[in-house]
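Here is a short tour of a few residues worth a look in the viewer. Please have the sequence and structure to hand as you read.

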Amino acid sequence: YASLKDLAGRLSSLPEEMNFLRKIRKIFEDRSVMVNSTDKLDWAMGELLAYATLLTEGHPVRLSGQDCARGTFSHRHAIVKAEDSEAEYAPLNHLGVPQSKFEVYNSLLSEYAVMGFEYGYALGMPDGLTLWEAQFGDFVNGAQIIIDQYLSAAEDKWNNQKGLVLLLP
């Protein structure tokens, strides 16, 4: 519990030397209140804590999808930018302990291409977590071939369970 609380605190704070938009500061202040003053966590904090624990256990995490750094419903804020310089800050890469790398990529809206690439990437990173987030669940339709031919059939065809995690909001 103490390590989760510590990680949640780190995920709820921003570096003072960077100038962030008030809206971003408010989101992180609200996270801090949630972590320190309540016994409840929202979906975004639960997701970030899941990634943080994997990272601190030595498993890299890679997330891609259209606007996934911010989150489909503006919930994640895995990368925030300074207001005056556009410098980026990723709290998941600043957990204050030895950790693996967190990568997040906002991709183009080409489900077939992006999911195909990420599936191949996941095969080459068996100890990591590779995720693809559809902007909305119906956008996965363009990638149905990848799902049918590779994700669903990989175990039967190649005795391979490694794959890609799909986030379909």
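His-77 has a relative accessibility of 8%, so it counts as buried, the cut-off being under 20%. Keep in mind that the model is a predicted one. In the chain, His-77 sits in the loop that runs between β1 (61–65) and β2 (80–81). Its backbone deserves a glance too: phi of His-77 is near 50°, a positive value in a residue that is not glycine.

Another loop offers a further case. Glu-86 is found between β2 and β3 (88–89), and its phi is also positive, at about 65°, although Glu-86 is not a glycine. Is Glu-86 buried or exposed? Its relative accessibility is 49%, so Glu-86 counts as partly exposed; exposed would require over 50%.

Now let us move to a strand. Glu-103 belongs to β4, which spans residues 102–106. Because its relative accessibility is 17%, Glu-103 counts as buried.

Which residues does Glu-103 touch, leaving aside neighbours within four places in sequence? They are Val-61, Arg-62, Leu-63 and Tyr-121. The side chain of Glu-103 also takes part in these polar contacts with tyrosine side chains:

| Side chain | Partner side chain | Polar contact |
|---|---|---|
| Glu-103 | Tyr-105 | 3.1 Å |
| Glu-103 | Tyr-121 | 3.5 Å |

Tyr-121 therefore turns up twice for Glu-103: in the list of contacts and as a polar partner at 3.5 Å, a distance that still satisfies the cut-off of within 3.5 Å.

Technical notes. Residues are numbered from 1 along each chain as its sequence is written. This is a predicted model: local features need pLDDT of at least 70, side-chain atom pairs count only at pLDDT 80 or more; totals for chains, interfaces and linings use all residues. Side-chain values use heavy atoms; hydrogens and water are left out. Helices (H or I, at least four residues) and strands (E, at least two) are DSSP runs, numbered from the N terminus. Buried means under 20% relative accessible area, exposed over 50%, partly exposed in between (1.4 Å probe, protein chains only). A polar contact is a pair of N or O atoms within 3.5 Å; within protein, one must be able to donate a hydrogen and the other to accept it, and residues adjacent in sequence count only if both atoms are side-chain atoms. Contact means heavy atoms within 4.5 Å.
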